[in-house]
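Me: Got a minute to go through this one with me? I'd like the layout before I dig into side chains.

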Amino acid sequence: MWSDQDLLPPAARTPAGYRLYGPDAPARLEIVRSLRDLGIGLAAIRSVLHRERTVAETAAQWADALDAQILPHSLNGMGGPPSSSCSAPCCVRWPRGGAQQRSCRT
């Protein structure tokens with residue numbers, strides 16, 4: 001449970017032990033879910049929620065790690081780096097303005 005992971009701590013508990021959450025809980029839960037959907041780990045999410053790192057820093061680190069995984073695989077079988085002059089709609093820039101592009105497979 002997110003509260004046990006220190007991601008969504010309860011504001012209080014009822015006498016029966018039920019967790020009660022504050023008004024900021026829905027926004028915190030949305031951040032947790034969004035970052036988890038991206039594949040970001042609990043430690044990084046905890047850093048964001050504790051304001052040790054920003055969402056932008058965490059997402060940038062995740063994008064860099066993803067680029068490092070994808071780029072070597074995307075160049076295999078394509079005959080080298082894709083052309084930077086491709087203007088087709090299927091050629092898109094990599095995250096954070098990298099020079100590499102994904103090439104069309106036409």
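Reply: Sure, we can start with the overall layout and then go helix by helix. Keep in mind that this is a predicted model.

Me: What order do the elements come in from the N terminus?

Reply: They run β-β-α-α-α. That gives three helices and two strands in the protein.

Me: How much of the protein is buried?

Reply: Buried residues make up 22% of the 106 residues.

Me: And contacts between residues at least 6 apart in sequence: what share joins residues at least 24 apart?

Reply: 25% of them.

Me: OK, α1. Which residues does it cover, and what is its reach?

Reply: Helix α1 covers residues 25–37, 13 residues in total. From first C-alpha to last it reaches 18 Å, close to the 18 Å expected at 1.5 Å a residue.

Me: Which of its residues are buried?

Reply: A25, R28, V32 and L35. Down the axis of α1, the buried residues fall within an arc of 105°, so they line one face of the helix.

Me: What sits on the face turned away from that buried side?

Reply: Exposed residues P26 and D37 are carried there.

Me: And what covers the buried residues of α1?

Reply: The cover includes α2, residues 42–49.

Me: What comes after α1?

Reply: G39 follows α1, and its phi is positive, near 95°.

Me: Back to R28. An arginine on the buried list catches my eye. Where is the nearest side chain of opposite charge?

Reply: That is D24, at 4.6 Å. A salt bridge needs the nitrogen within 4 Å of a carboxyl oxygen, and R28 has no salt bridge.

Me: Then which backbone oxygen lies by a polar atom of its side chain?

Reply: The backbone oxygen of L7, at 3.0 Å from a polar atom of the R28 side chain.

Me: What else does R28 touch?

Reply: Leaving out residues up to four places away in sequence, R28 touches D6, L7, L8, P9 and L49.

Me: Switching to α2. Which residues are buried there?

Reply: A44, I45, S47, V48 and L49. I45 has a relative accessible area of 0%.

Me: What does I45 touch?

Reply: Beyond four places in sequence, I45 touches L7, V32, L35, R36 and I40. V32 and L35 are also among the buried residues of α1.

Me: How far is I45 from V55?

Reply: They are 10 residues apart in sequence, and 8.5 Å apart C-alpha to C-alpha.

Me: Next, the loop between α2 and α3. What is phi for R51?

Reply: Near 60°, a positive value in a residue other than glycine. Most residues other than glycine have a negative phi. R51 comes just after α2, in the loop that leads to α3 (55–75).

Me: Is R51 buried or exposed?

Reply: Exposed, at 79% relative accessibility.

Me: Last one, T58 in α3. Buried or exposed?

Reply: T58 is buried, at 3% relative accessibility.

Me: What does its side chain reach?

Reply: The T58 side chain reaches the backbone oxygen of T54 at 3.0 Å.

Me: And which contacts does T58 make further along the sequence?

Reply: Setting aside neighbours within four places, T58 is in contact with I40, A44, V48 and R53. A44 and V48 are among the buried residues of α2.

Methods:
Residues numbered from 1 in each chain as written. Predicted model: local features only at pLDDT ≥ 70, side-chain atom pairs only at ≥ 80, totals over all residues. Heavy atoms only, no water. Helix = DSSP H or I, 4+ residues; strand = E, 2+ residues; numbered from the N terminus. Expected span 1.5 Å × (residues − 1). Buried < 20%, exposed > 50% of the residue type's maximum accessible area, 1.4 Å probe, protein only. Arc of directions from axis to C-beta. Contact = heavy atoms within 4.5 Å. Lys, Arg positive; Asp, Glu negative; His and termini not counted. Polar contact = N/O pair within 3.5 Å; in protein donor to acceptor, adjacent residues only side chain to side chain.
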